[in-house]
Amino acid sequence: MTRYRAAPAATLRIVLLDVLTLVYHRASGITHVVDSPVPEMIEVLGGVPLTLDETLAALAAVHDLIDPDRNALAARLDELVAAGLVEAV
Amino acid sequence: MADENPQDSAPSAGEPRPSRRALMLGAASASAIVSIKPALAQTAGSVLNCEIPVPDPGRAGSYIDANGKVVPPGTKGAFPPAVRPFRGEDVKKAMNGGNLPGTSYDQSRAYTNYIRRLQRGTSGFTCFASLQMPRG
Amino acid sequence: MSGALLAQMLRDPASVEALDASGWTGLLAAARAEQLIGTLAWRVEGLAMPEAARRVLEDARATVEQGRLVALWEAEMARRALAPAGMPVVLLKGTAFVAAGLSAGQGRQIGDLDILVPRERIEEAEAALIAAGWEWVKPDPYDDDYYRRWMHELPPLIHRERDRMIDVHHTILPLTARITPDAAALIDSGVALENGLLVLPPEGMVVHAAAHLFADGDLQGGLRNLWDIRCLTDEFGGTEFELKLAACAALHGLTREVERALRLSDHLFGEGADLTLADRLYVRRLLARDGWGRPTRKLTEFAFYLRGHWLRMPPLMLLQHLWTKWRKGYRPAG
Amino acid sequence: MRHSTQLRIGPVGFRVGSDWRAPVALLDDLYRDYPPPQDDIPDFNVRLFAARFWRRWLRPSVQIGGDFVIPDAAPLPLAQGLLAAEMAMNLQMALGQRRYLLLHASAVERDGKALLMTGESGAGKSTLAALLMTRGWRLLGDEFVLLDPAAGMVHGFPRLISLKNEAIGVIEREAKGGRWGPLLEGTPKGAIRHLVPDVRSIAAMEQPATPALVLFPSFGFEGAEREVFPSECFVRLTQASTNYVTLGEAGFDALTGLVRGLPARAIDYPDTKTAIATVERLWGELA
């Protein structure tokens, strides 16, 4: 079962600008311009690694999910993994 | 370390970020991350492969008038929505005087005007913003 | 000659204090051209120098530091891509130096990521990297075929998002070279880092650097290579290390190259050494930079270009290769 | 190199070497009011040379070289040697500048505050900057603006103003008594003529300014104007910078610091008169 873990908080500079959020990743030197739900996902994945379903549950616990769609969340996680902001472990 | 920059994640006074709020995971095909690449990148990469729908899905079915404004379906002189989203690369060419693929001259002008007026928060905005690559 | 000036300042950093404006100008130009400006910046830090020189070197230090982070990240992303396959992945050259925290990594400019994997698993590595976002740099059937048949690496791949190149090697010299190092033994000798990636042991690093310097190519950028060797032997030196190094060089058939590297390193950066006639030619080539950062001694350079190809290929193949390159418009840099 | 000269533009020192006398003589004349590099040690070296030795004399063509080069840069005829020198200096900045966040933008200053203008080639940023200079603004630069990551101030880079095609005539009428380089016809970008910044802009080139407004002009459209929000401004400026990524966290700090709270507008303009009026109005609204 794949589990996901966000880059350590100390390696991220997160700046909220109007509707978009900037994430500077110190370990990679890359700036990511992200939209919701990315900052929220980074937050819930900051602790112990979670599975896809656990991530969905963790998000639902702190936010009102309008579209609690597993496939959509999987797509977001894939994007985060490709960007290196989340590691699949 | 993160706490050296308390201004970063802490919302500024006066606009506290609600702790619990509505969240959209978005369509599986949409993209929520654009990574900034070197302006002198060796690969064409994601920026030119990103997509801009005309109009954005929130106003699907609406027409686009010659000035790029979104108008009700069937408005006289306006153009129907584009069949499929345009690729960043095509938009870039159109901005420099070319035609968007599969469009007439006037239609392309109208769509390009729409794209030029894209506002933050609308679909395709990040893609459009990433296309602004002034080079000498 | 600014190449010689650069070597002198690396050997004896305090002597920069005697430089005048034109000396500094030539030194900085040569250091940039040899990709040693970050190294120079590290070496002369804290010494008295004109403000303008200090500023240029400070910027160079910041640049190599950022380059170090990016190189380590690229290695990490390659690790993530290749980890599921469970194959050994050895970091080479600059990335290995910084990953292992060696003095050779201080100020080192790092270009592409170089990794070594077992030959029988190279196609698996290729597939995993392509699935993780790497793509071919330039599709050219001749080069591609040439690489696959004769080279010691895959054609270069570039990551489409991060815009960084990776060279995937399965041995450290081309298959056409007359010397054939034992790649499997090199991989077996790998030392694991905390994240599971491997680096060569110090003697393996020296042997690889010497192979790269003398048995592969035209010595372009050779001064930096030789400096790497100097740092490694300084850091690990001693009788025990010398024995290991000699054994390692013998195992891979690179004794002559390693001995030459040590002589040149002593001559340029150390206490001096007895040079052979051939050594002197190498020194000439390694220091061929003028005060504008231009390569000098065109004839020596061209001779080494031919020699680089000679070492890699049997003569008939060399002729075919040069003919194909020539038709495609390649000319030795002039 | 046979011929060489040194000069400083804003905070950046250059040494230019050439196989021919003419480009260096022209630089010496046009840049005569500029100081030498600090401590006589240049930040960058530029070389103008013949790709093959006979090209020094036979249909001489100028190859561009220096500390930082791009492969396959096309050579220029010797008559365009000044352009080659300018391009080579720009190239060093674009590829090698590490101290400042380099923005591909023009900028002018008034009362210690800077107006930045950035856009695609042809958006008119050089023309607008030159026009504003003739109307009492200090020119910070027509091509590059240098943002100091530590202080958040912008430093000028007032090299020769490079005007193209129709813009040459427009500015020739406005800049009375201006000093000009030769008219260079048939360059890769059409006709080009270089204007020396006015005495005041050169004399004050070491004084940085506080960024106060950024504009994204587009020429050739009906007059229009819209607010550009910080996130869009940020993304656009990363793409208008050649060294944003290389500067790492320092670049991130510099740019987030700049876009937060800095008013930004995209303006479309059909003619320069409209543009100047819009600029003056927006500037007036700042106070």
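The legends below describe several views of a predicted model, moving from the whole of chain D to a single residue and then to the confidence of chain A.

**View 1. Chain D as a whole, with its helices and strands.** In this predicted model, chain D contains 9 helices and 17 strands. The radius of gyration of chain D is 19 Å, close to the 19 Å that the globule rule gives for 287 residues, so chain D is as compact as a globular protein of that length. Measured out along its principal axes, the C-alpha trace of chain D spans about 60 × 45 × 35 Å.

**View 2. Burial and contacts within chain D.** Of the 287 residues in chain D, 55% are buried. When contacts in chain D are taken between residues at least 6 apart in sequence, 67% of them join residues that are at least 24 apart.

**View 3. The two domains of chain D and the side on which they touch.** Chain D is divided into domain 1, covering residues 3-96, and domain 2, covering residues 101-286, and the centres of these two domains, taken over C-alpha atoms, are separated by 24 Å. Across the boundary, 16 residues of domain 1 of chain D are in contact with 21 residues of domain 2 of chain D. On the side of domain 1 that touches domain 2, helix 1 (21-30) and helix 2 (81-96) of chain D each supply at least two residues, and the largest share, 7 residues, comes from helix 2 of chain D. By residue type, this side of domain 1 of chain D divides into 11 nonpolar, 3 polar and 2 charged residues.

**View 4. The surroundings of M133(D).** M133(D) lies in helix 3 of chain D, which runs over residues 125-134. M133(D) counts as buried because it has 26 C-beta neighbours inside 10 Å, where 20 or more are needed for a residue to be called buried. Leaving aside residues up to four places away in sequence, M133(D) touches V108(D), L139(D), P197(D), D198(D) and S201(D). A further residue to locate in this view is E174(D), which is 41 residues from M133(D) in sequence and 9.9 Å from M133(D) in space, C-alpha to C-alpha.

**View 5. Confidence along chain A.** Chain A averages a pLDDT of 94, and 100% of its residues score at least 70. Among the elements of chain A, the lowest mean pLDDT, 92, belongs to strand 5 (residues 64-65), whereas the highest, 98, belongs to strand 1 (residues 4-6). Where pLDDT is low, the predicted coordinates should not be read in detail.

Definitions and conventions. Residues are numbered from 1 along each chain as its sequence is written. Chains are lettered from A and ligands numbered from 1 in the order in which they are written. This is a predicted model: local features need pLDDT of at least 70, side-chain atom pairs count only at pLDDT 80 or more; totals for chains, interfaces and linings use all residues. Helices (H or I, at least four residues) and strands (E, at least two) are DSSP runs, numbered from the N terminus. The radius of gyration is taken over C-alpha atoms; the globule rule is 2.2 Å times the number of residues to the power 0.38. A residue is buried if 20 or more other C-beta atoms lie within 10 Å of its own, exposed if 12 or fewer, and partly exposed in between; C-beta atoms are placed from the backbone. Two residues are in contact if their C-beta atoms, placed from the backbone, lie within 7 Å. Domain bounds come from an automatic or database domain assignment. Ala, Val, Leu, Ile, Met, Phe, Trp, Tyr, Cys and Pro count as nonpolar, Asp, Glu, Lys and Arg as charged, and the others, Gly among them, as polar. pLDDT is the predictor's confidence in each residue, from 0 to 100.
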